[in-house]
Amino acid sequence: MTHKRTIVDLIGNTPLLHLRQVSELTGCNIYGKAEFLNPGGSVKDRTALGIVRDAEARGVLRPGGVIVEGTAGNTGIGLTLVANALGYESVIVMPQSASQQKIDQLEMLGAELILVPACPYSSPGHYIHVAERVAEGRSHQEAHGAVWARQFDNPANARVHFDTTGAEIWAQTEGKVDAFICAVGTGGTLAGVAAALRERNPAVRIGIADPHGSALYSYFTTGELAAHGESIAEGVGVSFVPGNLQGTAVDLAFAVDDDTALPIVYGLLKHEGVSVGPSSGINIAGAVAMARELGPGHTIVTILCDSGSRYLDQLYNAEFLWSRKLPVPDWIVA
């Protein structure tokens, strides 16, 4: 009998999906790693499992312990799913601006959810700083202890993408990948995949697709952290350089606005039947920009982070889109 022992055994080994429209548009082969097929519905399932297994191995997470994290949502969902499967409790600190679908799913999974006002990273009220304080307090209160996952500067984050995501991309492209690009939230995916691919072929080009409102495009092009505009994409785009990303060389950086990313999301759903969230639109737009920079004939891989169903109140809400002066898919207003 072939079977998996637990739900965590289903994390990873996601397929590469050929993105027809953008491939035809650019003359390159552009592929998306279908991370929305992970059991928790996003690329962050890998991060969650990697962090938990590392904490177990180091002896800082004991049976019955509590995992605390600050997250825009997907890492919290992944951590709670892993915690439920492995016998831990989870406390998730999240900004109130997160999509209602993510909030609902975390409540359904049984996470202890703490919602805080959205504010800049420099504020002590930012969800990352709140999570750190909550973890410190809980570590003295819980009978089995508590750990802060600290996904933004936890080496286990990049390591799991080095061991799994990057290795899978190399194998799935049979070593013919020319470039990899994605947006940055914690930096773990970009850093880990970049290291894995460059170890196998130092000529692989690495790019960052940065949403408006983030400071990393400016950082990698001018050396200064400066942000302009805003984006509805959750979980990507930061005003600081995450610890995971420090030391990772980026060959090409592209700033992507929502007016460019959202039509890609809608076109992918309408013409290829694939539902993805705004961050995937940022990633694919970045892959298109990279393809135009490199020229036809290259193989470029990016990340399809999660499903559009997590953003129904934004992506497919005409009033919300109109209020932001963003493109509205024609089948909503027809």
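**Exercise 1. The pocket**

What is the volume of the second largest pocket? Work out which residues line this pocket near its centre and which elements contribute to the lining.

*Solution.* Keep in mind that this is a predicted model.

- Step 1: Start with the volume, which is about 160 Å³ for the second largest pocket.
- Step 2: Go to the lining, which has 15 residues; the closest to the pocket centre are Tyr 121, Ile 128, Trp 148, Phe 152 and Asp 153.
- Step 3: Look for elements that give two or more residues to this lining: they are strand S3 (66-70) and helix H5 (127-141). H5 gives the most, with three residues.
- Step 4: Sort the lining by class, and you should find seven nonpolar, four polar and four charged residues.

**Exercise 2. The sheet**

Find the strand order of the open sheet of six strands, and explain why S1 and S9 each have one side without a neighbour in the sheet.

*Solution.* Let's walk across the sheet.

- Step 1: Read off the order, S1-S2-S10-S7-S8-S9; the pairing is mixed.
- Step 2: Check the two ends. Strand S1 (16-18) and strand S9 (252-256) are the edge strands, and each has a single partner, so one side of each is left without a neighbour in the sheet.
- Step 3: Add the twist, which averages 25 degrees from one strand to the next.
- Step 4: Take the pair S1 and S2, which runs in the antiparallel sense over three bridges. Here Leu 17 has Gly 32 in S2 as its bridge partner.
- Step 5: Move on to S2 (residues 29-34) and S10 (residues 299-304), which pair in the parallel sense over six bridges. Along this pair, Ile 30 stands opposite Ile 300 in S10, and Ala 34 stands opposite Leu 304 in S10.

**Exercise 3. Two helices**

Decide how helix H9 is oriented relative to helix H10, and list the residues through which they meet.

*Solution.* Begin with the axes.

- Step 1: The axes of H9 (residues 258-272) and H10 (residues 278-294) come within 8 Å and cross at roughly 105 degrees.
- Step 2: Angles of 65 to 115 degrees count as roughly perpendicular, so H9 is roughly perpendicular to H10.
- Step 3: Now list the contact. From H9 come Asp 258, Thr 260, Ala 261, Ile 264, Val 265 and Leu 268, and these meet Pro 278, Gly 281, Ile 282, Ile 284 and Ala 285 in H10.
- Step 4: Finish with the classes: the contact of H9 with H10 has eight nonpolar, two polar and one charged residues.

Terms used. Residues numbered from 1 in each chain as written. Predicted model: local features only at pLDDT ≥ 70, side-chain atom pairs only at ≥ 80, totals over all residues. Heavy atoms only, no water. Pairing = 2+ DSSP bridges. Helix = DSSP H or I, 4+ residues; strand = E, 2+ residues; numbered from the N terminus. Axes fitted to C-alpha atoms, helices over the stretch in contact; angles between N-to-C directions. Parallel < 35°, antiparallel > 145°, perpendicular 65-115°, else oblique. Contact = heavy atoms within 4.5 Å. Nonpolar A, V, L, I, M, F, W, Y, C, P; charged D, E, K, R; others polar. 1 Å grid on protein atoms, 1.4 Å probe; cavity = no way out; pocket = protein on both sides within 12 Å on 5 of 7 lines; lining within 4 Å. Points joined across faces, edges and corners; volume = space filled by probe spheres on them.
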